[in-house]
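Biologist: I have a model open on my screen. Can you teach me how to read it?

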Amino acid sequence: MLPIDIENYEEIDIQGLTVRIPNKQQVTESTFVGRKEIIDNALIAWKRIDCLRSQHFRLYGPPGMGKNAIVYELARILKKDLYIMRGHQCSTPEDMSCVITQNRNGIFEYVATPLLVAMLKGGICLFDEFDKVREDALAPLASVLDDSRTIVSGLLGTTFKAHDDFLFCAALNEYSESESRVREFIDQRTSPSFYVGYPSLSELEEILKTRIPISSESWTDIFIEMFKNIELSVRDAINILEFAYKKSRDENAKLSKKLTEKYLKDAFNHFPHIKSPVSEQTKIAGNDNVYFKHKTGTEKSIH
Amino acid sequence: MFILNTKPVQKNQYIKCNAFENLTVVPYMRGRLVFAELAARAIEEGEFDTVVVDLPYFMNGKTWLDIPIRLFPYVSSLVLKKPDSTLINFPFVPNDAACAAVAAAKGIKDGSKSIDIQCIDDSNVIHYPPDCFYQPVIRVKDDYFVFIEGIENYYRPLFSQLDQTWQQLSTDHRFFFEYRAGIMSERIKECLRQGRNTLFVCEYRIWWLISKLLGSQQSGRVNQFYYPWKDMSAALVIGDPYLFWANGMLDDYPLIVSLFCERLHLGLMGSFDKLQTIDGIIGSMIEARAKQGLRHPSVRELILFQNYFTKRLKIKRICTPSFLSDLYESVSSCLGKGFAREMARQLLNYPYPEKDEVLGYFNIQYDNVIEGFPFGLPDLSEIACFHTGTTVYSQDQFYGNSMTSNTQMDFVSRNYPYINKKESKELGETSGMIWAVAEDYRLHETACAKVRNIVAKKRHKEVIKKSHGFSGDGIHWKATLAARAKGENAIYIRAKKEPLKGKIAVLDEYTPVVFLFSNEISKDYVQTISDFNITQRLTSLGEEILSFDTLPSPDFVYSILYTNSARQCLCKGHISKVRLSSIAFIYTRYSMGVERYTAITKKPEKFQCRSLPFNDPELKGFSHSEIGIAWAIKYAKDIVLIVAGDGWKASTQLDSFARAKSVSINYISLSNFSEDFIERLRTLHFISTFLKKYSNCDKILRRFLEL
C-alpha cells in the first residue's frame with residue numbers, strides 16, 4: 001500500500017468515525033484541442049435527458065493518447081470536481097471504498113477513496129488503469145455502476161448511496177479491452193466504450209502548437225513533415241519535440257532546417273519503443289540488403 | 001425498436017399548387033431517399049395522367065431514359081462532353097426523386113395504365129456559364145421530419161433562407177436561374193393546358209422560383225434570351241455504388257436504397273419506411289445471431305445501447321441517424337466492434353456490377369439522344385456534377401453530418417470486403433505459395449503473452465502472514481483488526497509465496513503455447529507454417545536473385561502447426577480464411593519472415609523443427625487432437641502451456657511423452673479470454689504471392705481481415 005499524505009485532507013464524520021477525504025484533482029484552465037468527437041460522445045453518455053439517465057463509460061487506447069486529458073477537459077466543461085482513482089494489481093475489494101493509513105504521528109486513520117468521495121459529493125470519478133485491478137477487487141463496483149448506485153464499505157460498516165450528480169468513467173489500455181473477458185460484469189456496466197487512438201496529423205499539429213508554444217512555428221512544421229509516416233502517441237510527440245528543442249537551446253544552436261531535423265532525429269533515437277515504418281525492401285527481403293531485382297513493375301533501386 | 005420515433009407520421013405528402021388545381025408538386029432534395037419515397041408513393045396512390053420531372057429536355061427522346069432507369073438498382077452516370085472538351089457527370093440513382101418518379105411511372109406504364117413522362121429542364125443548363133451554377137449552402141433539418149411536420153412546414157424555413165440569399169447572388173446567376181425556371185414553368189403550363197392531372201417532381205430550389213412564376217403569371221426572362229444549342233458526345237457509364245455513396249449520391253444506407261428499389265419495382269411503396277427498415281435489419285441481425293448460437297448482445301447491453309443511441313438522436317434533434325457518426329459509433333461503443341462491423345457490412349450491401357463499364361456512347365441533341373462515338377473517360381470522381389458545376393453532388397448541409405467523402409470511402413474499405421474494377425483487373429494469378437498475414441501474428445503474440453502472464457501470476461500465490469517489520473504487498477486490514485480484536489498486537493501483511501528455486505521454468509517467446517478451440521479435431525487437416533531464410537524467401541516470392549555468392553543455402557523451419565476443417569476463399573482466391581480447431585506455436589513473437597527465422601535458429605538445433613509433424617516417427621501415434629501438443633512438447637525446453645476448454649486433461653500417452661522429454665504441461669482455461677477474442681484468434685488468413693507483392697495489398701487486406 002502506497003503511503004498517502006493525509007495532513008491536508010478534509011475530515012468528515014461517518015457514523016461516529018472520523019474519515020479523511022482526499023482533495024479533488026487540480027484541473028488547470030488550459031486550452032484543450034482535438035478529440036472533439038470523443039468529448040461530444042462522452043458528454044452525450046453522461047447527459048440526462050427526459051427519463052434517460054447518465055451512463056458510465058470507459059476510454060481505451062494505446063498509452064499516451066490523452067485519455068486522462070480528455071477527462072480533465074470534461075471536468076472543465078461540466079465544471080465538476082474530479083477525483084482520480086488509480087488501479088493496480090494489489091488492489092483489494094476494501095480498497096474501493098475506504099482504506100486505513102498511518103499519519104505522521106503513527107496513528108491509523110480512515111481515508112475515503114476518490115471513488116467514495118466522488119459518490120458522496122456528486123463529482124466525477126476517473127478510474128485510471130482500470131484493467132490492472134483484479135476481478136475480485138472490482139466486485140464492489142458492480143453496485144456502484146448499476147441502478148442501485150451504492151457501495152458497501154466493510155471497514156466503515158456502512159453502505160453509501162451516490163449523489164444524483166455522480167459520474168463515473170474508466171480508462172484502460174487497448175489490449176485489455178479486446179482480449180479479456182475477466183471483467184464482463186464490469187464491461188457491461190461501463191458501456192459505451194470510446195476508442196482514443198492515434199491522432200490525425202492535423203490534430204497532432206494543433207496539439208503540439210498548443211502544448212509547446214515554441215516561438216518558431218517551423219519546429220512543429222518540420223516535426224510533422226519528418227514523422228508523418230510514423231504512428232506517434234501524443235505523449236511521445238510532445239516529449240520528442242520538447243527534448244529536441246531543449247537540447248538545441250542548451251547548445252545555443254543557430255537553427256537551420258537541416259539542423260532542426262538533426263535535433264529531432266537525435267531525439268527520436270532516444271525513443272526505442274517507437275517503430276519506424278518498414279521499407280519496401282524490408283517488406284520483401286526481410287532486411288535492408290540488396291539481393292534482387294523486382295519482377296513486378298519497374299526496376300527498383302533500393303538502398 | 002432502436003430508432004425510436006414516437007411522433008405520428010403522415011406518409012402522403014405533397015403540395016397542391018394554388019394557381020393550377022390539376023397540379024400536384026413534390027419538391028425534393030437531391031439524392032435524398034425520403035423524397036424519392038414521396039414521389040413514388042404519390043404515383044402509386046394518386047391518379048396522375050402525367051408525371052413531369054426536372055430532368056433535361058433531351059432525355060425526352062424516345063426510350064433513351066429506359067436505359068439508366070431499368071438498370072436500377074445498378075447506378076450509372078451520363079458523362080457529357082461539352083464542345084470545349086470539359087466533362088460533366090449526370091448520375092442516375094434510385095434514391096433521387098426524379099429518377100424514382102420516372103421508374104415508378106414506367107412501372108405503371110408497363111402495366112394497365114398509361115402515364116405520360118415529361119422531362120422539362122432546359123437542355124442548355126449544361127452550357128450555362130460556370131459561375132451561374134453556384135448554389136448557396138442551405139442548412140437543412142433531417143429530411144424524415146417531412147413526414148412529421150408536413151411538407152409545407154418542412155420547406156417553409158428553407159424557402160425563407162432562399163429568399164434571404166436571393167439578393168446575394170450575382171446578376172448573372174439570378175438571370176440564368178430565372179431563365180431556367182421560366183422555361184420549366186412554360187413547359188408545365190403547356191402540360192396543364194391539356195387538362196391532365198399532373199404530378200411535378202422538382203428540386204426544391206427550382207420549385208421555390210417556379211412557384212413564384214406560376215403564381216404571378218410571369219414568364220421569367222424566357223423571351224429575353226436565346227442560347228443556341230450545341231450537340232455533345234456522351235457516355236453512359238455504370239457506376240461504383242461505393243464511390244457514389246462516399247460522394248453523397250446514394251443516401252445514407254446503401255442497403256436501404258436497394259430495398260427501396262425492390263419495393264419500387266414491385267409497386268409496394270405503401271409498406272416502406274426508411275427508419276423502420278433500418279431498425280428491422282438490426283433486430284434481425286440480433287435474432288439471427290441468437291438462433292445460430294453465436295454471441296449476441298445481452299438485454300442489458302441492448303438497453304444501454306438504446307439509452308445512449310436515443311440520447312444522441314435527441315441531442316442532435318434528428319430522426320435519421322447518420323451511418324458513421326451515430327449508428328456505427330453507438331453500436332461499436334455499446335455492442336462491440338465485431339457486431340458493429342457485421343452491421344456495417346449488411347447496411348453497406350449493394351449490388352455491385354459485374355458488367356462492362358461503358359454501356360454506350362451517345363450524341364446529345366437538344367431534344368433527343370442518338371447513338372454516338374467513343375471518347376476517352378477519366379476518373380469519374382474528378383468530373384463536375386451537372387447540377388452544381390462542382391464535384392460536390394449537393395449543397396444541402398444536413399445538421400450533424402460532417403463526414404467527408406474520404407472518410408466515407410475509408411469506412412467502406414474498412415468494413416465491406418470488395419475489390420474495385422481497377423484492382424480486379426490488376427490482380428493476377430492466385431497460384432504459388434500462400435503467405436501468412438502480420439495482423440494474425442500480432443494477435444498471436446498478444447494471446448501468448450497473456451497466457452504466460454496468467455501462468456506467471458498463478459505461480460506466486462498470495463499469503464497472509466504476520467509482519468516482523470516487513471510491509472510486504474500491503475497491510476491486510478481485516479486480519480490485522482481481527483488480530484487486535486483477539487488481543488494480539490500484530491500487523492498482518494500480504495506477501496507472495498515464492499516457488500522453490502531451481503524448479504521454475506522460464507516463460508518467454510520460445511515457450512510453446514497450444515490453443516485447443518474444439519474437441520472435434522479428429523477429421524481435421526493438419527497444416528504447418530514455415531519461416532524461410534533469405535534465399536528460400538526470395539525464391540518463393542519469385543524474385544530474380546542477382547548473385548547466390550553472398551547468400552546462404554535455402555533453409556526453412558516450422559514454427560506453427562494448426563488444424564482446420566474448412567477454408568474460405570475471398571478476393572478472387574487471393575485471400576483464404578481458415579477456421580482453426582487448434583493452433584500450436586513453438587515461437588510466439590510477432591516477427592515474420594527472415595527475422596522470425598533468425599530468431600528461431602538462434603536456439604540449439606534440437607529446438608528447431610525442420611520435418612513435417614505427420615512424417616515425424618516420434619509423433620506417430622498421436623491423434624489429430626494431440627499432435628499439436630506432442631509437437632510442442634518435442635521442441636520445448638521444459639514447459640508447454642495449453643489453453644483449452646474447461647475440464648481438459650492430458651491423455652496418458654501425452655503425459656508419458658512429456659515426462660520422457662522432461663517437459664511440464666501447464667493448463668489454462670479458454671474462459672480467460674473473451675469470446676470475441678477467441679473467435680478472432682481461431683481465424684487465420686493467408687494471401688497469394690501476387691497479392692503480397694501488390695502495391696495496394698494493405699488496403700485490400702483491411703477490407704477482408706476480421707480485425
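**Reading the model step by step**

Modeller: Start with confidence, since this model is predicted. Over residues 287-303 of chain A, pLDDT stays under 50. The model has 37 contacts beyond four places in sequence for that stretch.

Biologist: Which strands of chain A have the lowest and the highest confidence?

Modeller: Strand S12 (residues 292-293) of chain A is lowest, at a mean of 42. Strand S7 (residues 124-128) of chain A is highest, at 96. Chain A averages a pLDDT of 82, and 85% of the residues score at least 70.

Biologist: How many helices and strands does chain A have?

Modeller: Chain A has 12 helices and 12 strands. Of its 303 residues, 50% count as buried.

Biologist: Now take one residue. Is B:His444 buried or exposed?

Modeller: The cut-off for buried is under 20% relative accessible area. B:His444 has 4% relative accessibility, so B:His444 counts as buried. B:His444 is found in helix H16 (residues 438-459) of chain B. Beyond its neighbours within four places in sequence, B:His444 is in contact with B:Ile583, B:Phe585, B:Leu681 and B:Leu684.

Biologist: How do I read a nonpolar core? Which residues touch the most other members of the largest one?

Modeller: In soluble globular proteins, nonpolar side chains tend to be buried together. Here the largest nonpolar core has 170 residues, and B:Leu80 and B:Phe200 touch the most other members. Helix H6 (residues 171-193) of chain B gives the largest share of this core, 10 residues. Another core, of 37 residues, lies apart from it; among its members are A:Leu116, A:Phe160, A:Ile186 and B:Trp477.

Biologist: What does B:Phe200 contact?

Modeller: Leave aside neighbours within four places in sequence. The contacts of B:Phe200 then include B:Leu23, B:Val52, B:Ile120, B:Met184 and B:Trp207.

Biologist: Last feature: sheets. What is the strand order in the open sheet of chain B?

Modeller: Strands of a sheet pair through backbone hydrogen bonds, either parallel or antiparallel. This sheet of 5 strands has the order S1-S2-S8-S3-S6 in chain B, with mixed pairing. The edge strands are S1 (15-16) and S6 (116-121) of chain B; each pairs on one side only. Strand S3 (residues 50-56) and strand S8 (residues 198-203) of chain B pair in the parallel sense over 4 bridges. In that pair, B:Val51 stands opposite B:Leu199 in S8(B).

Biologist: Which strands does helix H1 of chain B touch?

Modeller: Helix H1 (residues 33-45) of chain B packs on the sheet and touches S2 (23-28), S3 and S8 of chain B. The direction of H1 makes about 160 degrees with that of S2(B).

Key. Residues are numbered from 1 along each chain as its sequence is written. Chains are lettered from A and ligands numbered from 1 in the order in which they are written. This is a predicted model: local features need pLDDT of at least 70, side-chain atom pairs count only at pLDDT 80 or more; totals for chains, interfaces and linings use all residues. Side-chain values use heavy atoms; hydrogens and water are left out. Helices (H or I, at least four residues) and strands (E, at least two) are DSSP runs, numbered from the N terminus. Buried means under 20% relative accessible area, exposed over 50%, partly exposed in between (1.4 Å probe, protein chains only). pLDDT is the predictor's confidence in each residue, from 0 to 100. Contact means heavy atoms within 4.5 Å. A nonpolar core is a set of buried Ala, Val, Leu, Ile, Met, Phe, Trp, Tyr and Cys residues joined through side-chain atoms within 4.5 Å. Two strands pair if DSSP finds at least two bridges between them. Axes are lines fitted to C-alpha atoms, for helices over the stretch in contact, and angles run from 0 to 180 degrees between N-to-C directions.
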